[in-house]
Amino acid sequence: MNPISVTDAFGNAPPRSACVLCMKGPQGGCVLLLTEWFTWLNIKRNPMLSFSMPRGGDAAGLREGDRFVLAFPPAEEALRYRAPARADKDAELPVGTVPATLQSLCIPVPKGSEVLLDCTLAGAYNYPFKKVRIFNCNLEQALRFTD
């Protein structure tokens with residue numbers, strides 16, 4: 001995998017598209033689940049990425065400073081993760097090769113992912129009009145990769 005520019009990543013992962021959150025599970029193992037939406041933001045000249053998840057779901061345990069991967073597989077592959085998949089229990093989980101720079105995280109990613117972002121959670125808040133939680137990460141700190 002080779003580093004790519006933000007412009008290329010933006011082209012491969014357009015705003016408001018879904019992505020797959022790949023993180024360590026609360027009881028060990030790894031959890032992969034589809035986000036409701038994902039977007040790129042530029043808040044006060046600070047490039048951020050933002051995504052939403054249902055409140056109280058598997059992502060509820062994420063705290064500021066936690067590290068995880070956002071993966072962008074083809075749409076038909078991403079939909080397989082609508083229900084949370086546990087990499088340590090689901091033998092049918094179609095995971096791909098993890099690049100060397102992410103291997104220290106020991107987090108599998110969906111097969112065919114076009115972009116992988118190594119993220120650290122900068123903040124999260126409950127959206128007031130829907131039962132979702134919004135998560136924000138600093139885009140400049142995310143590592144960008146492609147096949």
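Where is the place of Phe129?

1. The model is a predicted one, and in it Phe129 is found in the loop that runs between E8 and strand E9 (132-138). With a relative accessibility of 71%, Phe129 counts as exposed, because that value is over the 50% cut-off. Phe129 also belongs to a nonpolar patch on the surface, which it forms with Tyr125 and Tyr127, and these residues together have about 360 Å² of accessible area.

2. Strand E8 (residues 116-126) is also the place of Asp118. This residue has 6% relative accessibility and therefore counts as buried, the cut-off being under 20%. The side chain of Asp118 is not without a polar partner, since it makes a polar contact with the side chain of Arg67 at 2.6 Å.

3. Strand E2 (residues 20-24) deserves a careful look, because four of its five residues are buried, so that the strand is largely enclosed by the rest of the structure. On one pairing, E2 runs antiparallel to strand E3 (residues 30-34) over five bridges, and within this pairing Lys24 has Cys30 of E3 as its bridge partner. In the other pairing to note here, E2 is antiparallel to strand E6 (residues 67-71) over three bridges, with Ala71 of E6 as the bridge partner of Val20.

4. The hairpin of E2 and E3 has five residues between its strands, and in this hairpin Gly28 takes a positive phi near 90°.

5. Val31 lies in strand E3, and its relative accessible area of 2% is why Val31 is described as buried. When residues up to four places away in sequence are not counted, Val31 touches Leu21, Cys22, Met23, Gly25, Asp58, Pro84, Ala85 and Arg86. Val31 and Val109 are separated by 78 residues in sequence, while their C-alpha atoms are 9.8 Å apart in space.

6. Thr35 is placed in the loop between E3 and strand E4 (37-43). Is Thr35 buried or exposed there? Its relative accessibility is 3%, and Thr35 therefore counts as buried. Leaving aside neighbours within four places in sequence, the residues in contact with Thr35 are Ala18, Cys19, Leu21, Phe51, Ser52 and Met53. Leu21 thus appears in the contacts of Thr35 and also in those of Val31.

7. Two loop residues may finally be set side by side: Phe129, between E8 and E9, counts as exposed at 71% relative accessibility, whereas Thr35, between E3 and E4, counts as buried at 3%.

Technical notes:
Residues numbered from 1 in each chain as written. Predicted model: local features only at pLDDT ≥ 70, side-chain atom pairs only at ≥ 80, totals over all residues. Heavy atoms only, no water. Buried < 20%, exposed > 50% of the residue type's maximum accessible area, 1.4 Å probe, protein only. Polar contact = N/O pair within 3.5 Å; in protein donor to acceptor, adjacent residues only side chain to side chain. Pairing = 2+ DSSP bridges. Contact = heavy atoms within 4.5 Å. Patch = residues over 30% accessible without salt bridge, like charges linked within 9 Å, V, L, I, M, F, W, Y side chains within 5 Å. Areas by Shrake-Rupley, 256 points an atom, 1.4 Å probe, with all protein chains shown as cover. Salt bridge = Lys/Arg side-chain N within 4 Å of Asp/Glu carboxyl O.
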